[in-house]
Amino acid sequence: EGARTVYVRPIGDETRMRYVEWVAKNREYVERASGGRVGYLHMDAMGNDDFADFVKQYFVQRNKEALIVDDRFNNGGYVQTFINNILGVKVSGYFNMRNSREPWSRQGDAFLGPMCCLINEFAISCGEEFPHRFRDLGLGPLIGRRTEGGEVGSSPGWPLVDGGVVSVPNYGMFTMKDGW
């Protein structure tokens, strides 16, 4: 009596759900600890979907006084240039209307406050290039444990029957100032 049948279709992989929850908890912690004044975003990797995640996280937090960009555990990719270009936008002009108190800008991509980048030894590939350029562009300090230091790429990668991939490092990064 009162029984019912419920069909549940489990998801195949809960990794993304766990990641989104981890980021939300980190953001909530930063929000609580700063009284809502500091923004937080995490970069899981540097691919197309990760760039979309960056856009979703960044643009809603541009009104914060400061921003923490978390690059820990970043699996690399190739979009760091786009992200650093957005973070590096500087406001070069303002508008103000007669009898208005607050000036405004059409440069809505700009973040006006200080930023920092969290790093650790588990970031690889473009996940290492990102904080390197973040620092070199003067966007803010790097905080945490040094990245692996390899900054190597391994594309294209060769798929295996079991779904794995064989990746062989085949190119690396150097700068004229720092070398390899």
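Just after helix 4 comes Gly 138, with a positive phi near 75° in this predicted model. Helix 4 itself runs over residues 126–136, and a good part of it is tucked away: Cys 126, Gly 127, Glu 128, Phe 130, Pro 131, His 132 and Phe 134 are buried. The general rule for an α-helix is 3.6 residues a turn, so residues three or four places apart point the same way. As for what the buried residues of helix 4 pack against, the partners are strand 2, helix 3, strand 3 and strand 4, the last of these spanning 142–144.

Positive phi values also turn up outside glycine. Most residues other than glycine have a negative phi. Ser 125 goes the other way, with phi near 55°; this serine sits in the loop between strand 3 and helix 4. Ser 125 has a relative accessible area of 17%, under the 20% cut-off, and so counts as buried. Phe 73 is another such case, with a positive phi of about 65°, and its place is the loop between strand 2 and helix 3. With a relative accessible area of 36%, Phe 73 falls between the 20% and 50% limits and is therefore partly exposed.

The loop between strand 2 and helix 3 also holds Asn 75. At 48% relative accessibility, Asn 75 counts as partly exposed, as this value is under the 50% that an exposed residue has to pass. Leaving aside residues up to four places away in sequence, Asn 75 touches Asp 44, Ala 45 and Ile 124. Between Asn 75 and Arg 16 there are 14 Å from C-alpha to C-alpha, with the two 59 residues apart in sequence.

Now for the interior. In soluble globular proteins, nonpolar side chains tend to be buried together. Here the largest nonpolar core has 19 residues, and the members that touch the most others are Phe 54, Tyr 58, Leu 67, Ile 83, Leu 87, Phe 130 and Phe 134. At least two residues of this core come from each of helix 2 (48–58), strand 2 (66–70), helix 3 (80–87), strand 3 (115–119) and helix 4 (126–136). Another core, of seven residues, lies apart from this one and includes Tyr 19, Tyr 40, Ile 68 and Leu 118. Back in the largest core, Tyr 58 touches Leu 41, Leu 67, Ile 86, Leu 87, Asp 109, Ala 110 and Phe 111, again not counting residues up to four places away in sequence.

Zooming out, the chain has four helices and eight strands, and they come in the order α-β-α-β-α-β-α-β-β-β-β-β along the sequence. The chain is more spread out than a compact globule, because its radius of gyration is 20 Å, well over the 16 Å that the globule rule gives for 180 residues. The C-alpha trace spans about 65 × 65 × 30 Å along its principal axes. Buried residues make up 33% of the chain. Of the contacts with a separation of 6 or more, 64% are between residues 24 or more positions apart.

That leaves the surface and the charges. The accessible surface adds up to about 12,300 Å², and carbon and sulfur atoms account for 55% of that. There are 21 positive and 23 negative side chains, with the centres of the two sets 9 Å apart.

Technical notes: Residues numbered from 1 in each chain as written. Predicted model: local features only at pLDDT ≥ 70, side-chain atom pairs only at ≥ 80, totals over all residues. Heavy atoms only, no water. Rg over C-alpha atoms; globule rule 2.2 N^0.38 Å. Buried < 20%, exposed > 50% of the residue type's maximum accessible area, 1.4 Å probe, protein only. Contact = heavy atoms within 4.5 Å. Areas by Shrake-Rupley, 256 points an atom, 1.4 Å probe, with all protein chains shown as cover. Lys, Arg positive; Asp, Glu negative; His and termini not counted. Charge placed at Lys NZ, Arg CZ, Asp CG, Glu CD. Core = buried A, V, L, I, M, F, W, Y, C linked by side-chain atoms within 4.5 Å.
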